[in-house]
Amino acid sequence: MTSILEIKDLVKRYDGGFEALKGVSLSIEKGEILALLGPNGAGKTTMISTVCGITTATSGEISVGGHDIKADFRAARAMIGLVPQEVNLEPFETVLNTVKFSRGLFGKRWDAAYVEKILRSLSLWDKKDNRIMTLSGGMKRRVLIAKALSHEPQVLFLDEPTAGVDVELRKDMWNIVAELKAAGVTIILTTHYIEEAEAIADRIGVISGGELLLVEEKHALMKRLGQKQLKVELAEAISELPESLASYDLQLADDGQTLIYSYDTKAERTGITTLLSDISGAGLVLKDLQTAQSSLEDIFVGLVHKEDAA
């Protein structure tokens, strides 16, 4: 696929010497959804702000659709839509005029049919004449997306778009993102909700301390780093593990009736067969077995903790 956004050796250093970005390099393909995960202060918003021209990079190169963000700023910025974290809208203006004004800022001719299409897709058409101040928080979020899409961008940044909204509205937003992807829009999403990344992203990026730890296809990442757990439910609770099972990496759950065994799916042998045999040999009676795959949240937490410990 064709790359639409290229970031190379991006550094952002503030006057006090703090480096918010430490040589970030990233290539994003046209039409993909990239979820960028990271704790507070990781550099997610700084990276987006720099690409969008809100913050000036200390060094590095950025190009959007082949347009250099410095040498050809207007052309590059015209390809980008931004939905910021903060809801900053003119409270006394109507929804329609808010979107209309944003389109005009990018020099686009008025297109009533296109704007109506956007507002209808975001369930805002029946509120087009409502003042912003009368809308709920979730609807204001939708207005931010409408504003970002008003000038028909090819790259859309969503910076924590579902922060503070209810679960139902969050899932509606996921559907909107899927529709945008189907229309060919490239989407870069920052989020604190791990399930959001799991649900809609093609690739996952993890950033911490201003450094990009990895960028990988979602399913490949989970397969490469994921572990499985075997939960062995016993017929009767025990107070401690038998000495004959001490060599295994086993945990006894608080209920005293569940043994938890973690194993690597990539390993040549999982050790499960021997473990089950030794459990029976220890005089324990098995009641049930369950396996569970590590979630993206488990992987993310593990990566960030590993980085912090380095």
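This briefing walks through one cavity, two helices and two buried residues.

The model is predicted, so keep the filters in mind: local features need pLDDT of at least 70, side-chain atom pairs count only at pLDDT 80 or more, and totals for chains, interfaces and linings use all residues. Residues are numbered from 1 along each chain as its sequence is written, and side-chain values use heavy atoms, with hydrogens and water left out.

**The cavity**

- Rolling a probe the size of a water molecule over the atoms shows where empty space is left.
- Here a cavity is a set of points, on a 1 Å grid over the protein atoms alone, where a 1.4 Å probe fits but cannot get out, and lining residues have an atom within 4 Å of a point.
- Points are joined across faces, edges and corners, and the volume is the space filled by probe spheres set on them.
- The count is 1 cavity of 30 Å³ or more, and the largest has a volume of about 30 Å³.
- Its lining is made up of Ile145, Leu158, Pro161, Thr162, Met173, Trp174, Val177, Leu189, Glu196 and Ile200.
- Sorted by class, that lining has 8 nonpolar, 1 polar and 1 charged residues (Ala, Val, Leu, Ile, Met, Phe, Trp, Tyr, Cys and Pro are nonpolar; Asp, Glu, Lys and Arg are charged; the others, Gly among them, are polar).
- Helices H6 (167–182) and H7 (194–200) each supply at least two lining residues, with H6 giving the most at 3 residues (helices are DSSP runs of H or I, at least four residues; strands are runs of E, at least two; both are numbered from the N terminus).

**Helix H4**

- Val115, Ile118 and Leu119 are buried in H4 (residues 112–121) (buried means under 20% relative accessible area, exposed over 50%, partly exposed in between, with a 1.4 Å probe and protein chains only).
- These buried residues cover an arc of only 95° around the axis, which puts them on the same side of H4 (the arc is that of the directions from the helix axis to the C-beta atoms).
- Ala113 and Lys117, on the other side of H4, are exposed.
- Helix H3 (95–105) and helix H5 (137–149) are among what covers the buried residues of H4.
- At the start of H4, a side-chain oxygen of Asp111 comes within 3.3 Å of the backbone nitrogen of Ala113.
- Just after H4, Ser123 has a positive phi of about 60°.

**Helix H9**

- In H9 (residues 272–281), the buried residues are Ile272, Leu275 and Ile279.
- Looking down the axis of H9, its buried residues fall within an arc of 60°, so they line one face of the helix.
- Thr273 and Gly281 are exposed on the other side of H9.
- Gly283, just after H9, takes a positive phi of about 85°.

**Two buried residues**

- Arg77 sits in helix H2 (residues 73–78) and is buried, at 17% relative accessible area.
- Not counting residues up to four places away in sequence, Arg77 touches Cys52, Leu82, Phe106 and His151 (contact means heavy atoms within 4.5 Å).
- The Arg77 side chain reaches the backbone oxygen of Ile80 at 2.7 Å.
- Thr190, in strand S8 (residues 186–191), is buried with a relative accessible area of 0%.
- The side chains of Thr190 and Asp159 share a polar contact of 2.5 Å (a pair of N or O atoms within 3.5 Å; within protein, one must be able to donate a hydrogen and the other to accept it, and residues adjacent in sequence count only if both atoms are side-chain atoms).

Note on methods. On a 1 Å grid over the protein atoms alone, a cavity is a set of points where a 1.4 Å probe fits but cannot get out, and a pocket is an open set with protein on both sides within 12 Å along at least five of seven lines; lining residues have an atom within 4 Å of a point.
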